[in-house]
Amino acid sequence: MQQRLAELLSYLDSTREQLLATVSNVNPSFAGVRPRGESWSAADNLAHLALVEERIARLVEEGVEWAKANGVGPETSDESIMSSLDRFSLTDAVKKRTAPPMITPEEGKTVEESVEALLGWRARLKAALLASQGLDLTQVTKPHPVAGAMSMYQWGLFVAQHEERHRRQIERTMDEVTELCAESAPIV
């Protein structure tokens, strides 16, 4: 397996494992609670992640098919792509970002529904990436509204980094919700 691909798949597995561990600690009674105003609940964050992963899995599938149909050559470098998006600080919530309507979650999705969707889309994303073996995915790009042209490797990296950003957001949200609930609990 190509070094870049192995590295990316390992990172995708690692961030997913961390997300599932975080979600397993979410109190189901609090999962849909929004701590303030328009902020998202833990369930909203998961539904958003599923919407994003669906779009990117489809984009990578199409990119790999295009690469095969258009004679994209083999990998010529094993240089890591893992730091290629660092300048965007995707994993850090230093700047609040507003999701466009197409990836804004509908209210009412359960944690279980979103996790099931995430698992299915991750399987498709990984299958598409594995189907690219022997192809140089740095040569296949699609634009991102903030980052500009990104290779199919970078789109896979984006999924993992975006997931880590929202995992951290879920942790902060659940801390806020737990604190709010403790403050509003009647004193006995």
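**From overall contacts to one aromatic pair**

Among contacts in the protein between residues at least 6 apart in sequence, 84% join residues at least 24 apart. This figure, like the others that follow, is computed from a predicted model.

The protein holds four helices and two strands, and, read from the N terminus on, these elements follow the order α-α-α-β-β-α, with the two strands placed after three helices and before the final one. The C-alpha trace spans about 70 × 30 × 30 Å along its principal axes. Of the 188 residues in the protein, 44% are buried, while the accessible surface amounts to about 10100 Å², with carbon and sulfur atoms accounting for 52% of this area. The protein carries 20 positive and 28 negative charges, and the mean positions of these two sets are 4 Å apart.

Turning from the whole chain to a local detail, the structure contains one aromatic pair. The ring centres of W155 and F158 are 5.9 Å apart and their planes meet at 65°, so this pair is edge-to-face, given that planes over 60 degrees apart are counted in that class. Such a description rests on two quantities, since a pair of aromatic rings is characterised by the distance of the centres and the angle of the planes.

As for where the pair sits along the chain, W155 and F158 both belong to helix α4, which covers residues 152-184, and they are three residues apart, a spacing of about one turn of the helix. Both W155 and F158 are also buried, that is, each has under 20% relative accessible area.

Conventions:
Residues numbered from 1 in each chain as written. Predicted model: local features only at pLDDT ≥ 70, side-chain atom pairs only at ≥ 80, totals over all residues. Heavy atoms only, no water. Buried < 20%, exposed > 50% of the residue type's maximum accessible area, 1.4 Å probe, protein only. Contact = heavy atoms within 4.5 Å. Areas by Shrake-Rupley, 256 points an atom, 1.4 Å probe, with all protein chains shown as cover. Lys, Arg positive; Asp, Glu negative; His and termini not counted. Charge placed at Lys NZ, Arg CZ, Asp CG, Glu CD. Phe/Tyr/Trp six-rings, centres within 6.5 Å; stacked < 30°, edge-to-face > 60°.
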